[in-house]
Amino acid sequence: LTKLEKIAETKNREIDASNAEEHSPSEPAPHPLEDGNIECNGRTPEELNREASENAEILAAVGVHKVPDAYVCTITGEIMVDPTCTCDGHVYERHAIKAWLVAHETSPNTNQKLETKALIPNLAIRKAIASWKTSVIHLLPGS
C-alpha cells in the first residue's frame with residue numbers, strides 16, 4: 001500500500017471504530033447524514049443534510065441531463081455532497097460507497113476487484129460541484 005492508502009485506511013478504521021462504539025451490533029448504524037455525532041471532512045451532519053437538500057432542489061430545477069456526469073454518484077443517482085475516490089479512481093458519495101464495500105470487494109462501475117477498500121476524499125470534485133452550483137443557483141424557485 002502507498003503511504004496515502006495507509007493513511008486513508010487508518011482514518012477509515014478510526015471512523016468505523018468510533019461508529020461501532022456508538023451503536024450496538026444488534027441495531028443498524030444510521031445513515032451517515034442522520035447521525036449527529038459524525039463529521040465528514042470537517043462538516044457537520046447538519047451542513048451535509050442542508051447541502052444534500054440544496055442539491056436535490058437543484059437537480060429538480062435543472063434536470064439530471066444538465067448536471068455534469070462527474071458530479072452525480074453512480075450508486076445514488078444524486079449530486080454528491082461528500083465525493084470520495086476509490087483506489088481505481090472512480091468517485092462516489094461516501095456513504096454509498098462505504099455501504100457498497102461492506103458487501104463487495106469490487107468497483108460498482110467496473111465490477112473489477114479493488115486492491116484496497118481505502119477511501120480518499122475528492123476535494124477537487126467537491127469544489128467543482130460547489131462552483132457549478134453557484135452558476136445554476138438562480139434556477140431555483142424563489143431565487
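Let's start with the sheet. It is open, it has 3 strands, and the order is 2-1-3. The pairing is antiparallel. Keep in mind that this is a predicted model.

Which strands are at the edges? Strand 2, residues 91-93, and strand 3, residues 120-121. Each of these pairs on one side only.

Now the pairing of strand 1 with strand 2. Strand 1 covers residues 83-85. Its pairing with strand 2 runs over 3 bridges, in the antiparallel sense. If you want a register mark, take Thr84: its opposite number in strand 2 is Tyr92.

Helix 3, residues 94-103, packs on this sheet. The helix touches strand 1, strand 2 and strand 3. Its direction makes about 100 degrees with that of strand 2.

Next to the sheet strands in sequence, look at Asn122. This residue sits in the loop between strand 3 and helix 4, and helix 4 spans 123-136. Is Asn122 buried or exposed? Buried, at 16% relative accessibility. What does Asn122 contact, leaving aside neighbours within four places in sequence? Pro83, Thr84, Cys85 and Val91. Of these, Pro83, Thr84 and Cys85 belong to the stretch 83-85, which is strand 1. Val91 belongs to strand 2, residues 91-93.

Let me step back to the whole chain. There are 4 helices and 3 strands. Along the sequence the pattern reads α-α-β-β-α-β-α. The chain has 143 residues, and 36% of them count as buried. Take contacts between residues at least 6 apart in sequence: 52% of those join residues at least 24 apart. The exposed surface is about 8,600 Å², and carbon and sulfur atoms supply 54% of it.

On to the cysteines. The disulfide count is 0. Cys85 is in no disulfide. For Cys85, the nearest cysteine sulfur is that of Cys87. Why is there no bond from Cys87? Because the closest cysteine sulfur, in Cys85, is 8.4 Å away, too far for a bond. The cut-off here is 2.5 Å between the sulfurs. The two residues also sit in separate burial classes. Cys85 is buried, at 17% relative accessible area. Cys87 is partly exposed, at 33%.

Last topic: salt bridges. The structure holds 4. I will show three of these.

First, Glu51 with Lys133. The closest N and O atoms are 3.7 Å apart. Glu51 lies in helix 2, residues 45-62, and Lys133 lies in helix 4, so this pair ties together parts 82 residues apart in sequence. Both Glu51 and Lys133 are buried.

Second, Lys133 with Glu54. Here the N to O distance is 2.9 Å. Again helix 4 meets helix 2, so the pair ties together parts 79 residues apart in sequence. How buried is Lys133? Its relative accessible area is 6%. Glu54 counts as partly exposed, at 31%.

Third, Lys113 with Glu105, at 3.4 Å between the closest N and O atoms. Lys113 is exposed, at 61% relative accessibility. Glu105 is partly exposed, at 46%.

Which residues form a network through shared partners? Glu51, Glu54 and Lys133 are joined into one. Lys133 is the shared partner, since it takes part in the bridge to Glu51 and in the bridge to Glu54.

Terms used: Residues are numbered from 1 along each chain as its sequence is written. This is a predicted model: local features need pLDDT of at least 70, side-chain atom pairs count only at pLDDT 80 or more; totals for chains, interfaces and linings use all residues. Side-chain values use heavy atoms; hydrogens and water are left out. Two strands pair if DSSP finds at least two bridges between them. Helices (H or I, at least four residues) and strands (E, at least two) are DSSP runs, numbered from the N terminus. Contact means heavy atoms within 4.5 Å. Axes are lines fitted to C-alpha atoms, for helices over the stretch in contact, and angles run from 0 to 180 degrees between N-to-C directions. Buried means under 20% relative accessible area, exposed over 50%, partly exposed in between (1.4 Å probe, protein chains only). Accessible areas come from the Shrake-Rupley method with a 1.4 Å probe; for residues, only the protein chains shown count as cover. A salt bridge is a side-chain nitrogen of Lys or Arg within 4 Å of a carboxyl oxygen of Asp or Glu.
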